[in-house]
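Reader: I would like to learn how to read a model like this one, feature by feature. Could you show me how, with the general idea first and then the case at hand?

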Amino acid sequence: TCAYDDYGIGLIDMWKSAGKIGCDGLNGNGSEMTEYMFRQPRHAGPDYTFSLKNVVFEHGRFKLYCATTDTIKPGGYLHHKFGTQQGVTKWLNSFDFRPSAEISEIKNWSDSPVLFVDRDCAAPYNPFHCVADLVNAFTMAHMFKLDFPNLKVVFLDDSDDGPLIDVWRKIGQAGVYSRSSMGSLGQLSAKNAVYNLPPGSSFIWRDGWGVDPCQFTSSILKGFNRFASDVYLPPDVQASISETKPLILLASRKNARYRRISNEDELCEKLKTRYSSKAAIECLDMKSYPFPEQIRKLNEARVLIGMHGAGLALLLYHRQVTKLSLVEMFRDANDQPRYYQNMCSRLGCKSYNAWVSPIPGHGDSDTTVSIDEIVSLVEKSLALK
């Protein structure tokens with residue numbers, strides 16, 4: 001069913017209503033842990049996170065002051081200890097439950113809320129996985145009313161900053177810390193903390209192998225789109241983009257390991273011959289540019305053409321996504337994940353069209369696309385007002 005904006009505020013409400021206290025020591029002025037386990041509609045799940053009150057993070061372990069694990073309520077931590085998503089299980093099993101009375105020894109409690117994040121974004125930085133971390137953080141900030149100017153972000157993984165660190169710094173404006181830089185914080189004692197949703201819990205993964213039957217926009221995703229694109233597109237850059245000639249952008253895969261287009265040069269030339277009087281035509285390997293330049297170039301596009309792949313997740317950073325048409329190509333008739341069609345629907349893209357290879361079981365070999373059919377889809381996109 002398609003009910004109550006389950007990609008927006010309604011989703012947050014449903015998640016919060018699933019909260020169960022799994023460690024309750026507040027009556028003794030100790031800690032509290034609340035678990036949120038909620039299976040999203042049309043999603044494999046389960047989707048799991050937790051919030052913490054009066055928690056200490058030190059030497060890679062969480063200390064909770066709620067007496068012993070005997071105080072854990074049935075259906076709480078012990079119930080979910082095994083079988084949750086891998087990243088969550090690792091940290092749940094690192095919890096050190098301490099007697100409530102010991103909390104009196106802790107000084108210098110931080111008034112800043114803390115978002116603990118175990119990122120899926122690691123070299124070579126898959127754009128889809130990396131943005132899923134951020135969408136989850138944006139969702140958690142709204143779910144728990146975390147104020148960005150006062151929020152600290154602590155990375156629990158061992159990855160380096162990565163290409164999206166500027167967006168993370170906009171989320172954690174009170175500081176972004178890696179495990180290696182935790183020395184500057186020492187013992188982190190937080191009155192309020194939240195564990196970020198694991199990457200696979202992001203709703204951008206939902207309905208991935210089929211077209212989402214609920215064709216409406218997502219308030220969370222549209223909010224993230226504005227929030228993240230503003231990081232790379234200050235007002236002066238946005239103004240300069242609006243003055244440029246509309247761009248038809250073909251995302252090149254010449255240097256990719258797989259999903260290459262064997263007749264990519266011919267397709268590029270055909271687009272230039274057909275549309276150079278109406279629009280600028282560029283065929284670019286986006287990964288060869290620094291990430292901020294990728295975003296700025298993407299934002300010039302009014303039609304984005306690309307073989308299915310993680311790079312299409314960049315459309316989440318298109319500031320005027322309602323003016324963008326996506327033409328996605330699939331190399332295999334039996335392998336058509338529709339993540340980006342659904343993403344376009346939730347963002348309110350101008351249009352979405354797909355070209356599918358008629359050859360089943362194409363695997364990782366290069367694909368020869370039908371140039372005439374691709375051009376026809378571009379024509380269809382440009383004809384829309």
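**Reading the model, step by step**

Author: Let's start with one residue: Cys121 counts as buried, since its relative accessibility is 7%. Buried means under 20% relative accessible area, exposed over 50% and partly exposed in between, using a 1.4 Å probe and protein chains only. Before we go on, note that this is a predicted model, in which local features need pLDDT of at least 70 and side-chain atom pairs count only at pLDDT 80 or more, while totals for chains, interfaces and linings use all residues. Residues are numbered from 1 along each chain as its sequence is written, and side-chain values use heavy atoms, with hydrogens and water left out.

Reader: How much of the protein chain is made up of buried residues?

Author: Of the 385 residues in the protein chain, 54% are buried.

Reader: And how many helices and strands are there in the protein chain?

Author: The rule comes first: helices (H or I, at least four residues) and strands (E, at least two) are DSSP runs, numbered from the N terminus. Here the protein chain has 11 helices and 14 strands. To see how the chain folds back on itself, we look at contacts, which means heavy atoms within 4.5 Å. Among contacts with a separation of 6 or more, 73% are between residues 24 or more positions apart.

Reader: Let's try one element. Which residues of helix 1 are buried?

Author: Helix 1 spans residues 9–17, and its buried residues are Gly10, Leu11, Ile12 and Trp15. They pack against strand 1 (19–24), strand 2 (32–38), strand 3 (47–58), helix 4 and helix 6 (219–232).

Reader: Which residues have the most contacts inside the largest nonpolar core?

Author: In soluble globular proteins, nonpolar side chains tend to be buried together. A nonpolar core is a set of buried Ala, Val, Leu, Ile, Met, Phe, Trp, Tyr and Cys residues joined through side-chain atoms within 4.5 Å. The largest one here has 68 residues, and those with the most contacts inside it are Trp168, Ile171, Ile204, Leu316, Tyr317, Tyr340 and Met343. Helix 4 gives the largest share of this core, 11 residues. As a close-up, leaving out residues up to four places away in sequence, Ile171 touches Leu134, Ala137, Phe148, Leu151, Val153 and Phe227.

Reader: Back to cysteines. How many disulfides are there?

Author: A disulfide is a pair of cysteine sulfur atoms within 2.5 Å. That rule gives 2 disulfides. One joins Cys121 to Cys130, S to S 2.0 Å. The torsion about its S-S bond is about 75 degrees, so the disulfide of Cys121 and Cys130 is right-handed. Cys130 is buried as well, because its relative accessibility is 3%.

Reader: What about Cys268 and Cys283: how far apart are their sulfur atoms?

Author: The sulfur atoms of Cys268 and Cys283 lie 1.9 Å apart in their disulfide. This pair links distant parts of the chain, with Cys268 in helix 8 (residues 264–275) and Cys283 in strand 11 (residues 280–284), 15 residues apart. The S-S torsion of Cys268 and Cys283 is about 105 degrees, so this disulfide is right-handed. Cys268 is buried at 7% relative accessible area, whereas Cys283, at 24%, is partly exposed.

Reader: Now for empty space. Which residues line the largest cavity?

Author: Rolling a probe the size of a water molecule over the atoms shows where empty space is left. On a 1 Å grid over the protein atoms alone, a cavity is a set of points where a 1.4 Å probe fits but cannot get out; a pocket is an open set with protein on both sides within 12 Å along at least five of seven lines, and lining residues have an atom within 4 Å of a point. Grid points are joined across faces, edges and corners, and a volume is the space filled by probe spheres set on the points. There is 1 cavity of 30 Å³ or more. The largest cavity is lined by Arg119, Cys121, Tyr125, Asp160, Asp161, Gly162, Leu164 and Trp168.

Reader: And which residues lie nearest the centre of the largest pocket?

Author: They are Pro127, Arg253, Lys287, Ala310 and Gly311, out of 35 lining residues. The volume of this pocket is about 910 Å³. Helix 4 (127–143), strand 10 (247–251), helix 9 (291–298) and strand 12 (301–307) each supply at least two residues of its lining. The second largest pocket holds about 250 Å³.
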